[in-house]
Amino acid sequence: MKIAKMVVTGAAALAAGMAIAASSAQAQGEQFIPGLVYRTGAYAPNGIPFADGVADYINMLNARDGGINGVKILFEECETGYATDRGVECYERLKAKGPTGAAYFSPLSTGITFALTEKAPGDKIPLITMGYGRADSRDGQVFTWNFPLLGTYWTAASVAIQHIAKEWGGFDKLKGKKIALVYHDSPYGKEPIAALEIMSKKYGFEFLPIPVPAPGSEQKSQWLQIRQQRPDYVLLWGWGVMNSASVTEAGNVNYPRDKMLGVWWSGAEPDVVPAGEKGAGYKALMLQHPAGKFGIHGEIDKHVISKGKSLAKADDTGQVLYNRGLINSMLGTESIRTAMAKFGNKPMTGEQVRWGIEHLDLSAARIKELGFEGMIQPLKVTCADHEGTRLSRVHQWDGKKWNVISDYYTGDDSVLAPLVKDVAAKYAAEKKITPRDCSKES
Amino acid sequence: MGFFIEVLIGGLLAGVLYSLVALGFVLIFKASGVFNFAQGAMVLAAALALVRALEVMQVQWHWPFGLALPAAFAFAAAVMALIAWAAERLVLRKLVNQEGIILFMATIGVTFFIEGLAQTVFGADVYPLNIGLPKEPIFLLESLFEGGVLVNELDIWAAVIAGLLVAGLAVFFQRTRIGRALRAVADDHAAAQSVGIALNQIWFIVWLVAGLVALAAGAVWGSKLGVQFSLTLLALKALPVLILGGFTSVPGAIVGGLIIGAGEKLAEVFLGPSMGGGIEIWFAYVVALLFLLVRPQGLFGERIIERV
C-alpha cells in the first residue's frame with residue numbers, strides 16, 4: 001500500500017532527522033558546521049532540496065575521506081522556517097558549538113543574512129551567502145565577514161539585462177522599452193532595484209517595480225497591472241510559492257512566458273512544476289550550475305544515498321536546488337581545507353575559516369577533481385572581492401525539464417563596481433567601520 | 001473603464017476564493033462557538049490527502065481519471081472525518097463548557113499538529129493538482145473594450161462551487177434536524193445537553209462539515225497554486241472576510257469575501273503605485289475595521305446582548 005509506505009517514509013524521515021541532531025554531540029578534534037535550514041513552512045519545497053544537498057555532501061566527505069584532511073565534520077541542522085527571528089535564534093544556539101565554534105553560517109535567507117551581518121564581526125564567524133544576501137557585501141574591505149560567493153543580486157540584474165539585450169539584438173534596442181520587476185516584498189526582493197534603476201538610466205528603458213506581499217500566493221492585482229502596463233519583459237525575483245504563482249498568473253493573463261526571466265532563486269523545479277503547461281517557455285538565470293547529474297553525484301550515490309544516509313529522494317538528487325546545496329557545502333569545506341593548509345590539520349576557528357574563504361582559489365582542475373566539472377567555473381576570492389566570480393547563464397523550462405540556452409555572461413563591472421563602492425562606503429560610514437587596506441592583508 | 005471592470009471582476013472572484021476558506025471558520029463558530037484556528041491547516045491536510053491519493057491511484061494503480069477522482073475525494077473526505085473524530089475525542093470533549101478562549105487556544109495546538117502530521121504522512125513538496133477544472137483565461141466584452149475583460153475559468157468555477165456550498169449549507173442549517181441542533185449547541189452547550197442533544201456527536205458532525213468545506217477550498221486553491229504548505233496561510237486571507245461578514249453568517253462569508261476581494265484589488269491597482277505597492281495585504285484589514293466601526297458584529301453577524 002502506497003499510503004502505508006508514505007506513513008513509513010514519514011516516520012523514517014523523522015528518525016533520520018533525529019539522527020542528524022544526535023550527531024551533534026560535541027567531540028574534540030572535530031570541525032563543527034551548522035546548517036540553517038527550512039524543512040517546514042511555506043518555503044519548505046525550496047528549502048528541503050537545498051538542505052539535502054548541503055547535508056549529503058558533508059556526509060559524503062565524512063564517509064569517504066573521514067572529513068576534511070582527516071578532521072571529521074560535525075553537522076547539525078537548525079530549522080529557521082525562513083523567519084529572520086528564528087534564524088537569529090538558531091545562530092545564537094549554534095555559534096559556539098563544537099571544539100572551535102561554528103566554522104561558518106549559510107542562512108539561505110537574505111533577511112537572516114541582514115540580521116547576522118551585524119553579529120558576525122563580533123562573534124568572528126564568516127557568512128557564506130552564495131548567490132544571496134547584501135549585494136554590496138562583495139566589498140571585502142567593508143564586509144570582512146560576508147562572502148556572497150558566485151554572484152550577488154546586482155550581478156544577477158546585470159546579467160538579466162545583458163540577456164534581454166542579446167535577445168533583442170543589442171543594448172541600443174533597450175531604449176524606450178519597458179521592463180517590469182515582479183518582486184518579493186522583502187529585503188531579498190528589493191535588493192536588485194538599485195542596480196536596475198541605474199541600468200534603466202544608462203540604457204534608456206523604463207523600469208517598473210511591482211511588489212508582491214509575502215508569501216505571494218495571491219497575485220491577481222499584480223498581473224492585472226502587468227496586463228495593463230504591457231511591459232516588454234518581466235523579471236521575477238520571487239521565492240517559494242510566489243514563483244509558481246507568478247508563472248501561473250502570467251499564463252492566466254496570457255503574458256508570454258518566454259518574456260519572463262527569473263533570478264536564480266526563481267529557477268528551480270518547484271517554481272515551475274505547479275504551473276503545469278503554463279510554465280513552458282519560462283526562463284531563469286542560473287547560479288552557474290544547471291540541473292542534472294555530474295561527477296559528484298556518483299560519489300554521493302556511492303557513499304550516502306546507497307547507504308540510506310540521505311533524506312533526499314532518489315529522483316530529486318539532480319534537481320537545481322539539490323545541486324546548489326552540494327556546491328554550497330563544497331565551497332565551505334574547500335575554504336576550511338584552504339585554511340588548514342595555513343593553520344594545520346585541526347578544527348578551524350571561524351576566524352581561520354574566514355581567512356580560508358578569502359583565499360579560496362578553485363581552478364578548473366581542482367573543480368574537476370572534486371566532481372563539479374560542468375557545474376561551476378573557476379573562482380578566486382580576494383580580500384577586495386568576496387564574490388569570487390560574476391558569471392551566470394540562462395536556462396529555460398520546456399514543461400518537463402530545464403534546458404541551458406545561453407553561454408556564460410559576466411556581470412558588468414562598469415555598472416556594478418561604482419555602485420558597490422558607493423553603497424558599501426555609506427554602510428561603513430553608518431556603522432563606523434574603517435575599511436581594511438587589502439594591500440596590507442596576507 | 002474596461003480595466004476598472006476587469007480589476008473589479010478579478011477582485012470579486014478572488015474574494016470568492018477567500019470565502020471558500022472563511023466558510024469553514026463560520027461553520028464551526030456558528031455551531032460550537034469555537035474560533036477554529038486550524039481551518040487553514042485543515043485546507044492543507046485535505047488538499048494533500050486528495051492530491052497524493054489521486055497520484056497513487058492514477059500512477060501506481062493505473063486507475064482511469066473518472067474513477068480515481070471520486071475515489072481520491074472519498075479518501076480525502078475520510079481523512080477529514082478522521083481529523084474531526086480525533087479533534088472531538090482528544091481535544092474538545094475534554095473542554096466542554098470551558099471559555100471560548102480556551103477552546104481557541106486548543107485549536108492553535110491542533111493547527112500545529114495537523115500541519116506537521118499532514119506533511120509527515122503525505123510529504124512537504126509542491127504537488128500539482130488537476131481535478132479537471134478548466135484554467136484558461138477568457139475575454140469578455142471585446143467589442144466594448146480593447147483587449148476585452150479578462151476572467152479566468154478557474155475563478156468562475158470557484159464561484160460556482162462556493163454558490164453550491166452556500167446553498168447546501170443554508171438548507172442543512174435551516175431545514176434539517178441536525179442543523180437546528182447545531183444552532184442550539186452554539187447558543188448554549190449546557191442548555192443543549194439538557195434537552196438531549198448529544199454534544200459529542202454534534203461537534204464531530206460540525207468539524208466533519210468544516211473539513212469537507214476545507215476539502216472543497218483545498219481542491220480549488222490546490223488547482224490554482226499546486227498543493228503546498230502555503231495553503232495553510234490562506235487562513236490569514238479569510239480573517240478580514242470573517243471580521244467584515246460576521247463570524248456566524250454563511251452569506252456573510254460570501255458577501256464579506258466579495259467586498260474584501262474587490263476592495264483590496266482595486267486598492268492595490270489604483271492606490272498601490274502611489275504608495276509603494278504591496279498594500280493589499282493590510283488594506284483588507286483596514287476595510288474590515290472600517291466596517292466594524294459601523295457594525296461591530298460584522299455585516300451579517302448576530303447582535304449579542306448580554307445582561308449585566
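In this predicted model, helix α3 (residues 84-94) and helix α4 (residues 110-123) of chain A come within 8 Å of each other, measured axis to axis, and cross at roughly 40°. The two helices, α3(A) and α4(A), are therefore oblique to each other, since an angle of this kind falls outside the 65 to 115 degrees that count as roughly perpendicular and is not under 35 degrees either. Their crossing is right-handed. On the α3(A) side, the residues that take part are A:Thr84, A:Gly87, A:Val88 and A:Tyr91, and they meet A:Gly111, A:Ile112, A:Ala115, A:Leu116 and A:Lys119 of α4(A). Sorted by character, this contact holds five nonpolar residues, three polar ones and one charged.

Stay with these helices for a moment and look at the loops beside them. Most residues other than glycine have a negative phi, and most peptide bonds are trans. A:Leu108, in the loop between α3 and α4 of chain A, has a positive phi near 50°. A:Leu108 is also buried, with 31 other C-beta atoms within 10 Å. Beyond α4, in the loop that leads to β3 (127-128) of chain A, sits A:Lys124. A:Lys124 has a positive phi too, near 55°, but with 16 other C-beta atoms within 10 Å this lysine is partly exposed. Chain A also holds a cis peptide bond, from A:Ala214 to A:Pro215, with omega near 0°. You can find A:Pro215 in the loop between β6 and α8 of chain A.

Another pair of helices in chain A shows a different arrangement. Two packed helices are described by the angle between their axes and the distance between the axes. For α2(A) and helix α11 (residues 295-305) of chain A, the angle is about 75° and the axes are 9 Å apart. These two helices are therefore roughly perpendicular to each other. Here A:Asp56, A:Asn59, A:Met60, A:Ala63 and A:Arg64 of α2(A) meet A:Glu299, A:Ile300, A:His303 and A:Val304 of α11(A). The contact is made of four nonpolar, two polar and three charged residues.

Helix α2 of chain A has another role in the picture, for it belongs to the side that touches chain B. The contact between the chains takes 37 residues from chain A and 33 residues from chain B. On chain A, the elements giving two or more residues are α1 (2-22), α2 (44-65), β6 (206-212), α8 (220-229) and α9 (241-252). The residues on this side of chain A comprise 20 nonpolar, eleven polar and six charged.

Now cross over to chain B and follow two of its helices. Helix α2 (residues 39-60) of chain B has 22 residues, which at 1.5 Å a residue should span 32 Å; its end C-alpha atoms lie 31 Å apart, in agreement. This helix is mostly covered, as 17 of its 22 residues are buried. After α2(B) comes B:His62, with a positive phi near 60°.

Helix α8 (residues 199-225) of chain B has 27 residues and an expected span of 39 Å, and the 37 Å between its end C-alpha atoms agrees with that. Of these 27 residues, 24 are buried, so α8(B) is largely enclosed by the rest of the structure. Just after α8(B), B:Gly226 takes a positive phi of about 85°.

One last stop is B:Phe73, in helix α3 (residues 65-91) of chain B. B:Phe73 counts as buried because it has 20 C-beta neighbours inside 10 Å. Its C-alpha atom is 8.2 Å from that of B:Leu215, although the two residues are 142 residues apart along the chain.

Notes. Residues are numbered from 1 along each chain as its sequence is written. Chains are lettered from A and ligands numbered from 1 in the order in which they are written. This is a predicted model: local features need pLDDT of at least 70, side-chain atom pairs count only at pLDDT 80 or more; totals for chains, interfaces and linings use all residues. Two residues are in contact if their C-beta atoms, placed from the backbone, lie within 7 Å. Helices (H or I, at least four residues) and strands (E, at least two) are DSSP runs, numbered from the N terminus. Ala, Val, Leu, Ile, Met, Phe, Trp, Tyr, Cys and Pro count as nonpolar, Asp, Glu, Lys and Arg as charged, and the others, Gly among them, as polar. The expected span of a helix is 1.5 Å times one less than its number of residues. A residue is buried if 20 or more other C-beta atoms lie within 10 Å of its own, exposed if 12 or fewer, and partly exposed in between; C-beta atoms are placed from the backbone. Axes are lines fitted to C-alpha atoms, for helices over the stretch in contact, and angles run from 0 to 180 degrees between N-to-C directions. Angles under 35 degrees count as roughly parallel, over 145 as roughly antiparallel, 65 to 115 as roughly perpendicular and the rest as oblique. A crossing is left-handed if the near helix is turned anticlockwise from the far one by less than a right angle, and right-handed if clockwise.
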